Amino acid sequence: MAALAGLALFCIVLPNGGRAQNANLTANPDSGAIPVFTDKYPQSEFCADPDQAAPCTVAPVDVPEFDASFIYRFLAYEAQRPFDRFSWQSFVAVTSSDPTGNGLARWETYPTRRDLFSEVAMPNPTCGNGLPDGALLLASHVQSSGDILVDQAGNFILYETRINPVAANYIRQNGLDHESGRLEFANAGQPVDFPMGHGPNTRVSNTGSFAKGVIKTASASDSADAVVADAAVDARKNSVMGAQLLKFAWRILPDGLSGDRYFTRAARIALDGDVTLDGKPTCLDVTVGLVGMHLVERVTSGNGDRWIWSSFEHVGTVPLAANARRPNSIITDTPFADGCLAPDPVGLQTPTDGFLFYGGRTGAGGQANQSIQADLRWDDHAPYARTASGGTVVPPDIVRCWRLFSGTAEANFVWQAKLEGTVWANYMLLGTQWIGNPGGAPFGVGEVPRFLTNSALESFIQHHSDATCLGCHVNAVTDAGQTANFTFLLDPAR
């Protein structure tokens with residue numbers, strides 16, 4: 001699908017009183033009405049450049065409204081809104097057309113994990129030969145938990161990691177792109193400290209002072225990486241982009257399924273013989289649709305190590321669990337003692353094409369999100385997921401364990417309306433996680449919201465007591481044993 005060039009053409013102005021969830025979910029219980037939000041969304045809400053009034057290609061670099069003198073333990077409407085705005089602005093900017101005019105989305109110009117780290121070998125490297133322009137080269141179908149997700153069409157979900165030029169340059173310049181360099185870096189006692197983004201109005205810590213962002217205008221003598229990095233911000237606003245890490249989840253589009261509701265790309269899947277049904281290396285040419293994305297960015301404002309974690313998903317992936325919890329319902333050691341339960345099919349609103357990860361095989365109230373306990377292989381034709389004996393795979397039923405925060409649901413409603421007429425209206429923000437307090441039981445490492453998972457990326461661990469993006473990544477170390485600043489990238493063999 002075309003990226004968001006000329007997005008302003010699709011903008012619509014919402015009438016006052018548009019329907020969505022408001023902060024406290026109040027409504028007349030007798031009317032059955034959907035709660036109506038009354039807060040106003042100024043046009044400047046939709047672009048990091050306040051001079052533009054529509055979703056735009058300018059990436060935000062910070063959340064200057066954040067006040068680190070307060071302690072935040074729970075989601076609150078006014079506190080969360082700037083972070084969700086940051087997430088949507090970042091999502092639109094990174095998926096927009098690259099400013100070099102090459103026909104790619106901005107993130108497609110970013111190096112992959114395999115580009116940066118030679119230790120991460122590409123299976124069947126011959127698949128890279130003759131790769132069509134604009135096609136993705138994919139190879140991973142295993143989630144970070146070690147689990148494998150198969151969709152209801154019987155195909156594996158594929159994963160890919162990208163690193164923006166700011167983070168990639170930091171890794172290369174410090175020798176962190178190879179094992180000996182990471183060991184030398186650790187032995188020198190240098191902390192892993194990815195660059196933070198900031199703008200002219202960024203408040204630094206609790207001092208009341210402001211950071212003076214400096215960004216140079218790209219010139220002909222600059223490297224390609226520098227040009228791309230500079231293009232991601234508005235130089236007129238004196239802003240600096242921070243490190244940004246992205247992880248994608250892709251579905252294989254079956255023949256006959258229209259891809260007009262997905263952001264799609266041609267892709268080639270590189271497979272070694274140890275994962276194929278016939279034991280032979282192969283390359284599969286397919287069309288993939290985006291179903292999930294983590295977008296993680298380091299900023300100056302905030303507490304802790306100041307990463308903002310945004311998670312997006314296609315709207316047609318899964319239903320809510322029968323026992324789904326609200327995001328502030330966290331005062332417990334076991335939020336899902338019985339797991340996440342399948343919903344009652346009566347009254348369940350199912351997408352036209354069905355849920356991507358839920359088929360209703362699990363009876364109402366049964367335990368969903370059960371990982372596949374089988375040795376799986378790739379076939380050379382759809383459905384691609386097979387058992388070792390060649391049989392078809394029964395896909396798991398995946399449900400969403402945590403409800404969206406009402407303010408986030410409201411933001412989705414507003415942004416999706418603004419994006420009407422583009423493929424991006426079919427995506428939603430699951431949540432924006434940030435460090436709001438010093439942590440400690442039951443508040444984890446201080447992340448707000450306390451729990452955040454993505455059904456396409458962490459399908460089988462949503463019910464865990466450690467199902468939290470920042471709470472998990474705080475444990476990241478390099479392969480030299482050094483604290484890795486919230487990323488597992490620097491342990492490439494992991």
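In which sense do strand S2 and strand S3 pair, and over how many bridges? The two strands, S2 and S3 (residues 244-252), run in the antiparallel sense and are joined over six bridges. As you follow along, keep in mind that this is a predicted model.

Let us stay with S2 for a moment. This strand covers residues 158-163, and six of its six residues are buried, so the strand counts as mostly covered under the cut-off of 20% relative accessible area. Looking at its two faces, you will find Leu 158, Glu 160 and Arg 162 on one side, and every one of these is buried. The other side carries Tyr 159, Thr 161 and Ile 163, which are buried as well. To see how S2 sits against its partner, pick out Arg 162: the residue standing opposite in S3 is Leu 246.

Now let us turn to the cysteines. A disulfide is a covalent bond between the sulfur atoms of two cysteines. A search of the whole structure turns up three disulfides. If you number the bonded cysteines in sequence order, they pair as 1-2, 3-4, 5-6.

Begin with Cys 47 and Cys 56, whose sulfur atoms lie 1.8 Å apart in a disulfide. Why is this link called right-handed? The torsion about the S-S bond of Cys 47 and Cys 56 is about 80°, and therefore the disulfide is right-handed. Both ends are covered: Cys 47 is buried with a relative accessible area of 3%, and Cys 56 is buried with 8%.

Next comes the disulfide between Cys 127 and Cys 283, with an S to S distance of 2.0 Å. Here the value about the S-S bond is -90°, and the link is left-handed. Cys 127 belongs to the loop between helix H2 (113-116) and strand S1 (136-138), while Cys 283 is part of strand S5 (residues 282-298), so this pair ties together parts that are 156 residues apart in sequence. Are the two ends buried or partly exposed? Cys 127 has a relative accessibility of 1% and counts as buried, whereas Cys 283, at 32%, counts as partly exposed.

The remaining link to visit joins Cys 340 to Cys 401, again as a disulfide, with 2.0 Å from S to S. This one is right-handed, with 120° about the S-S bond. Cys 340 sits in the loop between strand S7 (320-325) and strand S8 (376-378), and Cys 401 in strand S10 (residues 400-402), so the pair ties together parts 61 residues apart in sequence. Cys 340 is buried at 1% relative accessibility, and Cys 401 is buried at 0%.

Not every cysteine is part of such a link. What is the nearest cysteine sulfur to Cys 469, a residue in no disulfide? That sulfur belongs to Cys 472, and it is 8.0 Å away. A disulfide needs sulfur atoms within 2.5 Å, so this distance does not make one. Cys 472 is likewise in no disulfide, and its nearest cysteine sulfur is that of Cys 469. As for their surroundings, Cys 469 counts as buried, because its relative accessibility is 4%, whereas Cys 472 counts as partly exposed at 33%.

Technical notes
Residues are numbered from 1 along each chain as its sequence is written. This is a predicted model: local features need pLDDT of at least 70, side-chain atom pairs count only at pLDDT 80 or more; totals for chains, interfaces and linings use all residues. Side-chain values use heavy atoms; hydrogens and water are left out. Buried means under 20% relative accessible area, exposed over 50%, partly exposed in between (1.4 Å probe, protein chains only). Helices (H or I, at least four residues) and strands (E, at least two) are DSSP runs, numbered from the N terminus. Two strands pair if DSSP finds at least two bridges between them.
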